[in-house]
Amino acid sequence: MTDLMTTVDWSRWQFALTAIYHWLFVPLTLGLSVMVAVMESVYVRTRSAAWLATTKFWMRLFGINFAIGVATGLILEFEFGTNWSNYSWFVGDIFGAPLAIEGILAFFMESTFIAVMFFGWKRVSPGFHLAATWLTALGASISALWILVANAWMQYPVGMEFDPAQMRNVMTDFWSLFSGVAVNKFFHAVLSGWALAGVFVIGVSAWFLLRGSNREFAFRSIKVGGWMGLAGLLLTMYTGDGSAVEVAKCQPMKLAAMEGLYDGSHGQSLVALAALNPDKRFDNQEDPYLFEMSLPKGLSILANHDASSFVPGINDLVNGISFTPEGDTIRTVAYAERIERGRRAHEALRQYDRAMVARDTAAMEEAETLLRADYPYFGYGYFDSVEEAIPPVPVTFYSFRVMVMLGGYFLLFFFVALVLVYRFPRALDSNKATQWIAMLSVPLMWVCSEAGWMVAEVGRQPWTVQDLLPTRAAVSFLEPGAVMATFWMFAGVFTVLLVAEVSIMMRQISKARTEDLDRGTGVLSSSDTH
Amino acid sequence: MALTLFSSPFVRVWRFYRDGFREMTVGRTLWAIIIIKLIVMFGILKLFFFPDLLSRDFDSDEQRAAHVRSELTRR
């Protein structure tokens, strides 16, 4: 393997590691902040000391998660400047704007309203405090909006024009950042945080029931966690359906990889369960699956909301059959030709560079015209074969199934939790197996959430910016050893943070006393929340 | 005059944060973690391991653009 490819691989591993660790904290912040706001709303309406105690308990866990997770995302921005400097420059005019807005909003909203949340119990009115709690939740979601808008643009780059003199894609339409891809991605990611927080709240509450303490508190929490989690999960599924339609239109190769689909058809079935054939390649006749169980016409319905519609597979796309953004099946440019046109775009850019050095304006204009004609395929010029433009099918395929199956499990989980807590509270209180299942489900929810990101990010490979910039071109040419060293450094730092989070949370949870949480006594002591 | 100064919004905000920090319990540990984390991130990682390469190696945007153009057309 060349040094460049080793650097690409280690830089990708490093970015994946930091993103995965960062996403351990983020969805809990997004979901728990709303959950706490709901609990406090009940307290303000009822003035019940028990609800105040419940709010303060979960607010404390929210604070721990927020404090440990805060700023871990900054490391990703460090990596942009060091490991991905070509990418940062190439798209900086577009990518920078949402990130800057996110940074400013996050700083001002979170630093202001979180302070009121934690310091303000006895210093501001209940109504003002509640407003601060809701604004903290809103601020967290707005922060996520800008990050997800930036991410969605990389998957579906629109509203820009390439300027070869600046060597940048320049934003021409800010509002086009809010494409269907971005809107679905935002709601899908943020609402999945509600579901994750719901599982977390129910799992921790189950621990109290297992211990035989704080029963009333646990039941209150399970009710809020169950309803919020169920609502969040149903909305996540709804926006997931919207995301699937967008992926089918804007990233059909990702959809084909998610399904392990090589040859598409009208009325295409959806693979429910399968084992991929490891010998299958896009250019051989092997069966894609060792075994499969499929839902007839399922993929056509998922992709187009039309049971008889055509869904292209990997081979179809390589041969130039695809969708328009309107969902029509069309013949487009085959991948082999895209590679040729990408190479022509590179050559035009080299011509532009030479003309620029020679200060030959006419030659610059001529080269720019040539470049514009082939620019939509610029990224393909880096590939030696069409196979390089195909995402890693197994990781994308299995991650998608892990996400969907666990999503189905958690739908059942919330339903059962709500039935038990309302209709069979004694069974919930006494059945240890149920309590253990609830507790052990907590890490599974994180697996589900991370699997979703793996579908999104591995499925869009080999691109950092769809069709324009593959990872091998986006990366800075660093010594592989240097990237390896920082990879392990991050692995160490993040693991220490994770251990700190879990141990501080466990300590706080185990310290909770029955008299405080069930009946709300002692909740107005000055330092019990922060 | 003194009364006006002490009841100004700035002073009240200052007292709000000061008293809040003073009364923290688990928050002290969390703030310690946040501060250590920021020192490690900005004082070590950013300073020694994660420079902004294009800002560090080039003086002008024209030079940076030329470098990226060269990088993206020779791979």
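## Terms and model

Helices are DSSP runs of at least four residues, numbered from the N terminus. By that definition, B:Gly43 belongs to helix 3 of chain B, which covers residues 26–49. The structure discussed here is a predicted model.

## A glycine in chain B

B:Gly43 has a relative accessible area of 31%, so this residue is partly exposed. Neighbours within four places in sequence are set aside when its contacts are listed; B:Gly43 then touches B:Leu38 and B:Phe48.

B:Leu54 stands eleven residues from B:Gly43 along the chain. The C-alpha atoms of these two residues are separated by 20 Å.

## Salt bridges within helix 11

Side chains of opposite charge can pair when their charged atoms come close. Over all chains, a search of the whole structure finds 18 salt bridges. One of the pairs in this model joins A:Glu340 to A:Arg343, at 3.4 Å from N to O. Both residues lie in helix 11 of chain A (residues 335–357), and they are three residues apart, about one turn of the helix.

A:Glu340 has a relative accessible area of 41% and is therefore partly exposed. A:Arg343, at 32%, also counts as partly exposed.

## Other salt bridges of chain A

A:Glu347 and A:Arg354 form another salt bridge, in which the closest N and O atoms are 3.2 Å apart. Each partner is partly exposed: A:Glu347 has a relative accessible area of 31%, and A:Arg354 has one of 48%.

A salt bridge also links A:Glu388 with A:Arg472, with 2.6 Å between the closest N and O atoms. A:Glu388 lies in the loop between helix 12 (361–374) and helix 13 (393–423) of chain A, while A:Arg472 lies in helix 16 (residues 471–474) of chain A, so the pair ties together parts that are 84 residues apart in sequence. A:Glu388 is partly exposed, with a relative accessible area of 26%. A:Arg472 counts as buried because its relative accessibility is 19%, and buried means under 20%. Elsewhere, A:Arg281, A:Asp283 and A:Glu387 are joined into one network by salt bridges that share partners.

## Charges without a salt bridge

Which side chain of opposite charge is nearest to A:Glu501? The nearest is B:Lys37, 8.1 Å away. A salt bridge requires a side-chain nitrogen of Lys or Arg within 4 Å of a carboxyl oxygen of Asp or Glu. A:Glu501 has no salt bridge, yet this residue is buried. A:Glu501 is part of helix 17 of chain A (residues 480–511). Its contacts, apart from neighbours within four places in sequence, are A:Phe25, A:Leu28, A:Ile64, A:Asn65 and A:Ile68.

A negative surface patch is made up of A:Asp279, A:Glu286, A:Asp287 and A:Glu292. Within this patch, A:Asp287 is located in the loop between strand 4 (270–276) and strand 5 (289–295) of chain A. The relative accessibility of A:Asp287 is 46%, so A:Asp287 counts as partly exposed.

## Backbone features in loops

The peptide bond from A:Gln461 to A:Pro462 is cis, and its omega is near 10°. A:Pro462 is in the loop between helix 15 (432–458) and strand 9 (463–465) of chain A.

A:Asn214 is not a glycine, but its phi is positive, near 50°. The loop that holds A:Asn214 runs between helix 6 (180–211) and helix 7 (215–250) of chain A. With a relative accessibility of 1%, A:Asn214 counts as buried. A:His305, likewise a residue other than glycine, has a positive phi near 55°. A:His305 is in the loop between helix 9 (298–304) and strand 6 (310–311) of chain A.

## A buried alanine in helix 6

Is A:Ala197 buried or exposed? Its relative accessible area is 0%, so A:Ala197 is buried. A:Ala197 is placed in helix 6 of chain A.

Not counting residues up to four places away in sequence, A:Ala197 touches A:Leu28, A:Gly31, A:Leu32 and A:Met35. A:Gly232 is 35 residues from A:Ala197 along the chain, and the C-alpha atoms of the two are separated by 9.4 Å. A:Leu28 also appears among the contacts of A:Glu501.

Conventions: Residues are numbered from 1 along each chain as its sequence is written. Chains are lettered from A and ligands numbered from 1 in the order in which they are written. This is a predicted model: local features need pLDDT of at least 70, side-chain atom pairs count only at pLDDT 80 or more; totals for chains, interfaces and linings use all residues. Side-chain values use heavy atoms; hydrogens and water are left out. Patches are made of residues with over 30% relative accessible area and no salt bridge: like charges are joined within 9 Å, nonpolar side chains (Val, Leu, Ile, Met, Phe, Trp, Tyr) within 5 Å. Accessible areas come from the Shrake-Rupley method with a 1.4 Å probe; for residues, only the protein chains shown count as cover. Lys and Arg count as positive and Asp and Glu as negative; His and the chain ends are not counted. The place of a charge is taken as NZ of Lys, CZ of Arg, CG of Asp or CD of Glu. Helices (H or I, at least four residues) and strands (E, at least two) are DSSP runs, numbered from the N terminus. Buried means under 20% relative accessible area, exposed over 50%, partly exposed in between (1.4 Å probe, protein chains only). Contact means heavy atoms within 4.5 Å.
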